[in-house]
Amino acid sequence: MKTIAHISDLHFGTVNHNVAEGLIDDLHMINPDLVINSGDFTQRARRSQYQAAAVYVKRLPNPRISVPGNHDVPLFDLFRRFLSPLKRYKEFICGDLLPSFVNDELTVIGINTARSLTWKNGRISIEQIRKVEKMFSELPDSHYRIVVTHHPFIPPPGVKNSGIALVGRADLALEMLEKCRVDLLLAGHLHHGYTGDVRTFYPSSKRSIIVAQAGTAISNRVRNETNSYNLIHLSKDRVEIIIRRWVPAESHFTDTGKVAFKSVNGEWRSVVKDLG
């Protein structure tokens, strides 16, 4: 079994330092096989915020893979916003905007969806779709296949698309992801943790792909939810997504819900839904 810690939306500049230390302790206790961060390392892409984020990230367990978020692009500094939007991200966090992690069972590819021309929204480019397809085509069929973006593919359960910053060109991207037999999509952005299947929002999709959204791990910008992250267990034909939430009164993270999917005839089916 492989274990992945999926964290998101650290937002250095608005960090709850007690929660931040608690997350470090929790992740080192669990010692996951991989830590995935789905973006928004900073609040305003300032150098001091990136410096603080870089110091913090180095304290997380290895290996790690990350993508930037829209907050990692400068908002008010228009010169940097349009001429070098992710220069500081590449300097302090990761120089690769199409990163990948591959081992004997698992392949993870990160796609940068942050863009200069829009503030909240993001999108996947045609070039990224082509590159990701090529990367997956060169991998063994037996691998779990995971894609990480900052912007989500589906809205929270019961919420319509209106006003939700879903990733642009999702339809085109999903055609490729179906063809490449991707199993799991991870994202953040909304500061709201939830899971689902792409087919609930894209009826034309022919293949089940699991979606796992992470809340904000350590920021004060919790949006009516406590700080949380996803702990994901992968076995041969099963995916378990455990939500670990911060308990302020006890100053630690704890399991507060679990969703599990089982592969049946090549299709992911929900078999456990206990959201606490």
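I will talk about two pockets and then about three paired strands in this structure, which is a predicted model.

Let me begin with the largest pocket, whose volume comes to about 320 Å³. Its lining is made up of 17 residues, and those closest to the centre are Ser142, His143, Tyr144, Asp183 and Lys236. If we ask which strands each supply at least two residues of that lining, strand 6, covering 144-148, and strand 10, covering 228-235, both do so. Sorted by class, the lining of this pocket holds nine charged residues, five polar ones and three nonpolar ones.

The second largest pocket has a volume of about 220 Å³, and among the 14 residues lining it, Val57, Arg64, Ser66, Ile93 and Cys94 are nearest its centre. At least two lining residues come from each of strand 2 (34-37), helix 2 (47-57) and strand 3 (64-66), with strand 3 giving the largest share, three residues. Here the lining divides into ten nonpolar residues, two polar and two charged.

Now to the strands, where strand 11, residues 238-247, pairs with strand 12, residues 252-264, in the antiparallel sense over ten bridges. Within this pairing, Ile243 has Gly257 of strand 12 as its bridge partner, and in the hairpin, which leaves four residues between the strands, Ser251 adopts a positive phi near 55°.

Strand 12 also pairs in the antiparallel sense with strand 13, residues 267-274, over seven bridges, and there Ser263 is bridged to Trp268 in strand 13. These two strands form a hairpin with two residues between them, and in its turn Asn265 has a positive phi of about 55°.

Technical notes: Residues numbered from 1 in each chain as written. Predicted model: local features only at pLDDT ≥ 70, side-chain atom pairs only at ≥ 80, totals over all residues. Heavy atoms only, no water. 1 Å grid on protein atoms, 1.4 Å probe; cavity = no way out; pocket = protein on both sides within 12 Å on 5 of 7 lines; lining within 4 Å. Points joined across faces, edges and corners; volume = space filled by probe spheres on them. Nonpolar A, V, L, I, M, F, W, Y, C, P; charged D, E, K, R; others polar. Pairing = 2+ DSSP bridges.
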